[in-house]
Structures are given as C-alpha cells and as structure tokens.
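Thanks for coming. I will go through one structure today, starting with a term and then moving along the chain.

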Amino acid sequence: AENTNMAKFLNNLESRVYATLSKQLADQLFAEEGASSGEMDLMGNTIKWSNDGSEITLEITDEYGSVTTVTIPVGDFQF
C-alpha cells in the first residue's frame with residue numbers, strides 16, 4: 001500500500017510542506033529584519049526561537065515534554 005501512486009504523492013506533498021515550513025522558520029531566524037522571537041506548534045510539538053543579536057536559540061519540546069535546545073552563534077560562521 002505504501003508503493004501506490006497515491007501514497008507516493010502524499011509522501012511527496014508532506015515532505016514539501018515540511019520543507020516550506022522549515023525554510024520559512026530558517027528565513028525568520030537569520031533575516032536582518034526577522035522577528036527576534038517566536039513560537040509555533042506543529043503536531044503536538046512546540047518550537048520556540050529567539051535571536052538576541054549574538055546567538056539564536058531554537059528550543060523544541062516534543063509531545064512528551066522532552067526538550068532539545070540548539071544554540072547558534074550569529075556571525076561566527078559563513079557559507
């Protein structure tokens with residue numbers, strides 16, 4: 001059933017929706033005119049971010065209360 005055209009379509013659509021959400025969040029985190037903080041709920045998970053000008057903190061709390069925190073120094077890395 002996972003190999004049907006409909007299943008492939010739905011998996012592809014879901015992947016693209018998540019990719020768009022993650023791009024929008026990343027754009028907000030790194031934009032000069034972006035919000036300095038924010039929060040969103042995604043399927044029972046809470047994603048919070050803040051940017052104090054020297055570092056970006058991303059905190060993800062899953063539906064069971066486990067927290068993962070990622071801190072990214074701003075301006076210390078380049079692409």
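Before the first example, a definition: two strands count as a pair if DSSP finds at least two bridges between them. With that in hand, look at I47, which stands opposite I60 in β3. Please keep in mind that this is a predicted model.

Now the sheet as a whole. Four strands make an open sheet, in the order β1-β2-β3-β4, and the pairing is antiparallel. At the edges are β1, residues 37-42, and β4, residues 67-73, and each of them pairs on one side only. On average, neighbouring strands in this sheet are turned by 10° against each other, if direction is ignored. For those new to this, strands of a sheet pair through backbone hydrogen bonds, either parallel or antiparallel.

Next, the strand pairs in order. Strand β2 covers residues 45-51, and its antiparallel pairing with β1 runs over 6 bridges. Two partners can be picked out here: S37 has S50 as its bridge partner in β2, and D41 has T46. The link between β1 and β2 is a hairpin with 2 residues between the strands, and M43 in that turn has a positive phi of about 55°.

On to β2 and β3. These strands run antiparallel and are joined by 6 bridges. They also form a hairpin, this one with 3 residues between the strands, and G53 in the turn has a positive phi of about 95°.

One residue of β3 deserves a stop. E55 lies in that strand. Which residues is E55 in contact with, leaving aside its neighbours within four places in sequence? The list is S50, T71, I72, P73 and V74. Take P73 from that list: E55 and P73 are 18 residues apart along the chain, yet their C-alpha atoms are separated by 4.2 Å. Is E55 buried or exposed? Its relative accessibility is 33%, so it counts as partly exposed, because that label covers values between 20% and 50%.

Now the helix. Helix α1 packs on the sheet, where it touches β1, β2, β3 (55-61) and β4. The direction of α1 makes about 25° with that of β2.

There is also a nonpolar patch on the surface, formed by M6, F9, L10, L13 and V17. Together these residues have about 490 Å² of accessible area. One of them, L13, sits in helix α1, which spans residues 5-30. L13 has a relative accessible area of 42%, so it is partly exposed.

Last, charges. Side chains of opposite charge can pair when their charged atoms come close. How many salt bridges does the count give? It comes to 1. The partners are K23 and D27, and their closest N and O atoms are 2.7 Å apart. Why are they separated by about one helical turn? Because K23 and D27 are 4 residues apart in helix α1. As for accessibility, K23 is exposed, with a relative accessible area of 52%, while D27 counts as partly exposed at 40%.

To recap, we have an open antiparallel sheet of 4 strands, with α1 packed on it and a salt bridge between K23 and D27. That is all from me.

Terms used. Residues are numbered from 1 along each chain as its sequence is written. This is a predicted model: local features need pLDDT of at least 70, side-chain atom pairs count only at pLDDT 80 or more; totals for chains, interfaces and linings use all residues. Side-chain values use heavy atoms; hydrogens and water are left out. Patches are made of residues with over 30% relative accessible area and no salt bridge: like charges are joined within 9 Å, nonpolar side chains (Val, Leu, Ile, Met, Phe, Trp, Tyr) within 5 Å. Accessible areas come from the Shrake-Rupley method with a 1.4 Å probe; for residues, only the protein chains shown count as cover. A salt bridge is a side-chain nitrogen of Lys or Arg within 4 Å of a carboxyl oxygen of Asp or Glu. Buried means under 20% relative accessible area, exposed over 50%, partly exposed in between (1.4 Å probe, protein chains only). Axes are lines fitted to C-alpha atoms, for helices over the stretch in contact, and angles run from 0 to 180 degrees between N-to-C directions. Contact means heavy atoms within 4.5 Å.
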